[in-house]
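Colleague: I'm new to this one, so could you walk me through the words people use for it? I'd like to see each label tied to its cut-off.

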Amino acid sequence: LPFFVSSLYFRGSHCVFSTAAQQRSTGDECGPEDPRDEPKHPLSDCALEHKAIKLEEQVRDLTERYRKALADSENVRRRTQKFVEDAKLFGIQSFCRDLVEVADILEKTAESAAEEAEPSNPNPTLKKIYEGLSLIEAKLQSVFAKHGLQKMNPVGGKYDPYDHEIVCHVPAEGMQPGTIALVTQDGYKLHGRTIRHALVGVAVESQE
């Protein structure tokens, strides 16, 4: 009988141990899962809409910056092109200022020769000199016009401070006051830009 009780006790203990081990094994299998294995929730609709709005704002900002950069680049290109064109057109401006003084001397010399070569003076040499000077003067003005240099003809026109310089006033005899009555020195323009002002006399009402 004692042997039977001992055997039964041993078997019972083994059963208890087996049941406890089984419970531990089952408990391990049924325990909480690793949080890293839990599925991540996708972004909500509100968050996606907010993100889309931000992206649209960035696109608009970048587009505006791109347009401004293009406009600035175009302005720089135009200014550079205008600078180059002006340099080509007005690079001879100083030379032209000196050259018109030569034209002044030639014109005065031709006028003096014309006075000496009047019909009353039979000297053929003076006549030939006058004719030669007239041809040179005409050719010089033709070369001036070819390069955009033109003499002003302000007599009878309105006074313009950008083109004319008043050196005297004359009575307005048959002319409207404020108009140019005479020119003491010719003015010149290079491609429409005044490089030398004309020295003029302006008509004024006579004081009685």
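What follows is a short talk about labels and the values behind them.

Modeller: One thing before we start: this is a predicted model, where local features need pLDDT of at least 70, side-chain atom pairs count only at pLDDT 80 or more, and totals for chains, interfaces and linings use all residues. Residues are numbered from 1 along each chain as its sequence is written, and side-chain values use heavy atoms, with hydrogens and water left out.

Colleague: How many helices and strands are there, and what makes a run count as one?

Modeller: The protein chain has 4 helices and 6 strands. They are DSSP runs numbered from the N terminus: H or I over at least four residues for a helix, E over at least two for a strand. Along the sequence the pattern reads α-α-α-α-β-β-β-β-β-β.

Colleague: What is the expected span of helix α4, and how does its reach compare?

Modeller: The expected span is 1.5 Å times one less than the number of residues. Helix α4, residues 124–146, has 23 residues and reaches 33 Å from first C-alpha to last, close to the 33 Å expected. After α4 comes Gly-148, with a positive phi near 85°.

Colleague: Why is Cys-96 called buried or exposed, and what about Cys-168?

Modeller: Buried means under 20% relative accessible area, exposed over 50%, and partly exposed in between, with a 1.4 Å probe and protein chains only. Cys-96 has 5%, so it is buried. Cys-168 has 26%, so it counts as partly exposed. His-191, at 38%, is therefore partly exposed too. His-191 sits in the loop between β4 and β5 (193–196), and has a positive phi of about 55° although it is not a glycine. Across the protein chain, buried residues make up 17% of the 208 residues.

Colleague: How many disulfides are there, and by what rule?

Modeller: A disulfide is a pair of cysteine sulfur atoms within 2.5 Å. By that rule the count is 0.

Colleague: Which residues of α4 are buried, and what covers them?

Modeller: Leu-133, Glu-137, Leu-140 and Phe-144 are the buried ones. Their cover includes α3 (93–116), β1 (149–151) and β4 (188–190).

Colleague: What makes a set of residues a nonpolar core?

Modeller: The set has to be buried Ala, Val, Leu, Ile, Met, Phe, Trp, Tyr and Cys residues joined through side-chain atoms within 4.5 Å. The largest core here has 14 residues, and Phe-144, Leu-149, Tyr-188, Leu-190 and Ile-195 have the most contacts inside it. The elements giving two or more residues to this core are α3, α4 and β4, with the largest share, 6 residues, coming from α3. Apart from that core lies another, of 5 residues, including Met-152 and Ile-180.

Colleague: How many aromatic pairs are there, and what makes two rings a pair?

Modeller: There is 1 aromatic pair. Rings of Phe, Tyr and Trp (its six-membered ring) pair if their centres lie within 6.5 Å; planes under 30 degrees apart count as stacked, over 60 as edge-to-face and the rest as tilted. The rings of Phe-144 and Tyr-188 have centres 6.0 Å apart and planes at 90°, so the pair is edge-to-face. This pair links distant parts of the chain, with Phe-144 in helix α4 and Tyr-188 in strand β4, 44 residues apart. Phe-144 and Tyr-188 are both buried.

How values were computed:
Contact = heavy atoms within 4.5 Å.
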